[in-house]
Amino acid sequence: MARAPLSADNSAIVLVDHAVGFSNLTRSHPIEETLDGALALAEIAKVFDVPLVVTNGPDDGPAGPLYPELLAALGDHPVIKRGPVFDAFGDEEFTAAVEATGRRRLIVAGIQTDVCVALTALTALDRGYEVYVVVDASAATTRETHDAAVMRLVQAGAVPVNWLAVGSELLGGWTDDPTAPAFGEVIFKHLTSWKHQNALTAGVRENAAG
């Protein structure tokens, strides 16, 4: 089946419940990995001018406020505070925000993969959206429950991706596109191995030239 690449014109990023209360409860991934993934997606939205919808429960709710690092990255970007519904589409403000993007492809990540992320993504699929689940910006209580949720979503029609793949598809290649340097900065900030590899190759080139 033919498929158009993800682009700023056809996609929106949705972040669900990256809240501090889950930091010690989600064990499928290290907190550093899901934090980096969430931050990278928020920054990717800015780099490529992709609509971004962010939601969480109330700050005084069981999960608490969003990661402080994510709040800092969002700046004055609105955060939709939901009532006690696991499926974010059960909140009218969230639904309106997604519809207002005008996009039919949703790049979704959040906590927990098997609850709020899965239920939100399943409703999105039922409503005719294409859903891409960012597996390294999402987490669950155990790796087993995370993987089971991803499999459930794949069977329902969602596409599993990682945040680097999302940004790379939006960019398309290391060309003279003006967004390329900014996306490179996102990679170096949130993928230490890539930053180290760049330092290695830069050092090799410098020494070889000398």
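Here is a walk through this structure, from its sheet to its helices, its odd backbone spots and its pocket. Keep in mind as you go that the model is predicted.

Let's start with the sheet. Six strands form it, and if you read across them the order is β3-β2-β1-β4-β5-β6. The sheet is open, and its strands pair in parallel. At the edges you'll find β3 (80-81) and β6 (159-161), each of which pairs on one side only. For a look at one pairing, take β1 (residues 11-16) and β2 (residues 52-56): they run in the parallel sense and are joined over four bridges. If you want to find one spot along that pairing, look for V14, whose bridge partner in β2 is V53.

Now bring in a helix. Helix α1 packs on the sheet, where it touches β1, β2, β4 (105-110) and β5 (130-134). Compare its direction with that of β1 and you get an angle of about 145°.

Helix α1 has helix partners too. Take α1 (residues 31-48) with α6 (residues 163-171): their axes lie 10 Å apart, at an angle of about 10°. Angles under 35 degrees count as roughly parallel, so α1 is roughly parallel to α6. Which residues make the contact? On the α1 side they are G37, A40, L41, I44 and F48, and on the α6 side W163, G167, L170 and L171. Sorted by class, that contact has seven nonpolar residues, two polar ones and no charged ones.

Next, follow α1 to helix α7 (residues 180-190). Here the axes come within 10 Å and cross at roughly 170°. Angles over 145 degrees count as roughly antiparallel, and α1 and α7 are therefore roughly antiparallel to each other. From α1, the residues in this contact are D36, L39, A40, E43, I44, V47 and F48, and α7 brings A182, F183, V186, K189 and H190. The class split here is eight nonpolar, one polar and three charged. You may recognise some names: A40, I44 and F48 of α1 are listed in the contact with α6 and in the contact with α7.

Another helix pair to look at is α4 (residues 113-126) with α5 (residues 143-156). They pack at an angle of about 5°, with their axes 10 Å apart, so these two helices are roughly parallel to each other. In α4, the residues T113, D114, A118, L119, A121, L122 and L125 meet T145, H146, A149, V150, R152, L153 and A156 in α5. That contact has nine nonpolar, three polar and two charged residues.

Time for the backbone oddities. Most residues other than glycine have a negative phi, and most peptide bonds are trans. Which residue has a positive phi although it is not a glycine? That's D17, with a phi of about 65°, and you'll find D17 in the loop between β1 and α1. As for the peptide bonds, the one from I111 to Q112 is cis, with omega near -10°. Q112 sits in the loop between β4 and α4.

Last stop: the largest pocket, with a volume of about 330 Å³. It is lined by 17 residues, and those closest to its centre are D17, G57, P62, A63 and F86. So D17 turns up again, as one of the residues closest to the pocket's centre. The lining as a whole divides into nine nonpolar, six polar and two charged residues.

Key. Residues are numbered from 1 along each chain as its sequence is written. This is a predicted model: local features need pLDDT of at least 70, side-chain atom pairs count only at pLDDT 80 or more; totals for chains, interfaces and linings use all residues. Side-chain values use heavy atoms; hydrogens and water are left out. On a 1 Å grid over the protein atoms alone, a cavity is a set of points where a 1.4 Å probe fits but cannot get out, and a pocket is an open set with protein on both sides within 12 Å along at least five of seven lines; lining residues have an atom within 4 Å of a point. Grid points are joined across faces, edges and corners, and a volume is the space filled by probe spheres set on the points. Ala, Val, Leu, Ile, Met, Phe, Trp, Tyr, Cys and Pro count as nonpolar, Asp, Glu, Lys and Arg as charged, and the others, Gly among them, as polar. Axes are lines fitted to C-alpha atoms, for helices over the stretch in contact, and angles run from 0 to 180 degrees between N-to-C directions. Angles under 35 degrees count as roughly parallel, over 145 as roughly antiparallel, 65 to 115 as roughly perpendicular and the rest as oblique. Contact means heavy atoms within 4.5 Å. Two strands pair if DSSP finds at least two bridges between them.
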